[in-house]
Amino acid sequence: EIEEDDDDDDDDASEDDGVIPARRPAKRLRDVLKGFHFLLTKVDAKVAADLITSMGGKVEESVEEAHRLSIKGCDVLVIADRPRTTKKYMFSLARGLSPLKLGFLQECRRQRMLVDPSPFTIPFGVPLDQTKAVPLPSRWNSLVERNFLQPLAQRKRVLSGRTFAVSSVSPKASRQLKAIIQEAGAKVVVLEPSSSSSS
């Protein structure tokens with residue numbers, strides 16, 4: 001079952017060599033996250049939004065908007081508190097990116113620059129039927145991009161080359177699910193719910 005995100009509103013990456021670009025302090029604090037967009041799930045939204053906007057980033061409210069930005073090639077990151085099953089968290093995983101902890105934003109502000117995100121990534125969670133954390137896959141680099149800020153290329157994503165049909169009585173749920181599946185690299189056909197008529 002998918003967890004609900006905090007909000008109640010309507011809710012081809014280029015290949016690179018995985019090298020983290022050189023970082024140096026920004027001349028102005030408002031330039032640190034310039035060009036980055038963020039989805040927030042299960043974190044203190046006011047604190048996170050204040051940090052993001054003070055450094056020039058933008059907070060997006062819905063998976064659908066984040067998907068539109070992703071298609072345009074914008075940098076979209078997800079901030080969460082721990083492993084989740086929210087739509088926003090799944091959006092990040094679908095792109096091959098590990099969501100980041102709030103500490104990433106705090107450290108960027110403290111150092112006045114884009115810091116190495118790897119210490120702030122959220123590790124795999126614990127399955128409901130187990131008490132120990134799941135070991136990392138042997139091919140970890142095939143699941144997430146090494147620099148933790150750029151998504152995997154579409155052709156490398158987990159559902160690449162597949163087609164899914166989505167049907168829901170809720171148009172909003174269909175749009176959100178479609179966006180997540182497309183971010184995972186698949187094509188999506190939305191089926192309209194059939195209305196049964198009595199004759």
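**Helix packing and nonpolar cores**

Val47, Ala48, Leu51, Ile52 and Ser54 of helix H1 are in contact with Leu102, Leu105, Gln106 and Arg109 of helix H4. By residue class, this contact between H1 and H4 comprises 6 nonpolar, 2 polar and 1 charged residues. The model examined here is predicted. Helix H1 spans residues 45-54 and helix H4 spans residues 102-111. The two helices pack at an angle of about 40°, and their axes lie 10 Å apart. Angles under 35 degrees would count as roughly parallel and those from 65 to 115 as roughly perpendicular; H1 and H4 are therefore oblique to each other. The crossing that H1 and H4 form is left-handed.

Helix H4 also takes part in the largest nonpolar core, to which it contributes 4 residues, the largest share. This core contains 24 residues, of which Leu33, Phe38, Met55, Leu77, Ile79, Phe104 and Leu105 touch the most other members. At least two residues of the core are supplied by each of strand S1 (36-41), H1, strand S3 (75-80) and H4. Leu105, listed among those members with the most core contacts, also belongs to the H4 side of the contact with H1.

The surroundings of Phe104 were examined further. When neighbours within four places in sequence are set aside, Phe104 is in contact with Leu77, Leu114, Val115, Pro117, Phe120 and Leu149. Leu77, one of these partners, is likewise listed among the core residues that touch the most other members.

A second core, separate from the largest one, is made up of 11 residues, including Val78, Ala94, Ala179 and Ala184.

Key
Residues numbered from 1 in each chain as written. Predicted model: local features only at pLDDT ≥ 70, side-chain atom pairs only at ≥ 80, totals over all residues. Heavy atoms only, no water. Axes fitted to C-alpha atoms, helices over the stretch in contact; angles between N-to-C directions. Parallel < 35°, antiparallel > 145°, perpendicular 65-115°, else oblique. Left-handed = near helix turned anticlockwise from the far one by under 90°. Contact = heavy atoms within 4.5 Å. Nonpolar A, V, L, I, M, F, W, Y, C, P; charged D, E, K, R; others polar. Core = buried A, V, L, I, M, F, W, Y, C linked by side-chain atoms within 4.5 Å. Buried < 20%, exposed > 50% of the residue type's maximum accessible area, 1.4 Å probe, protein only.
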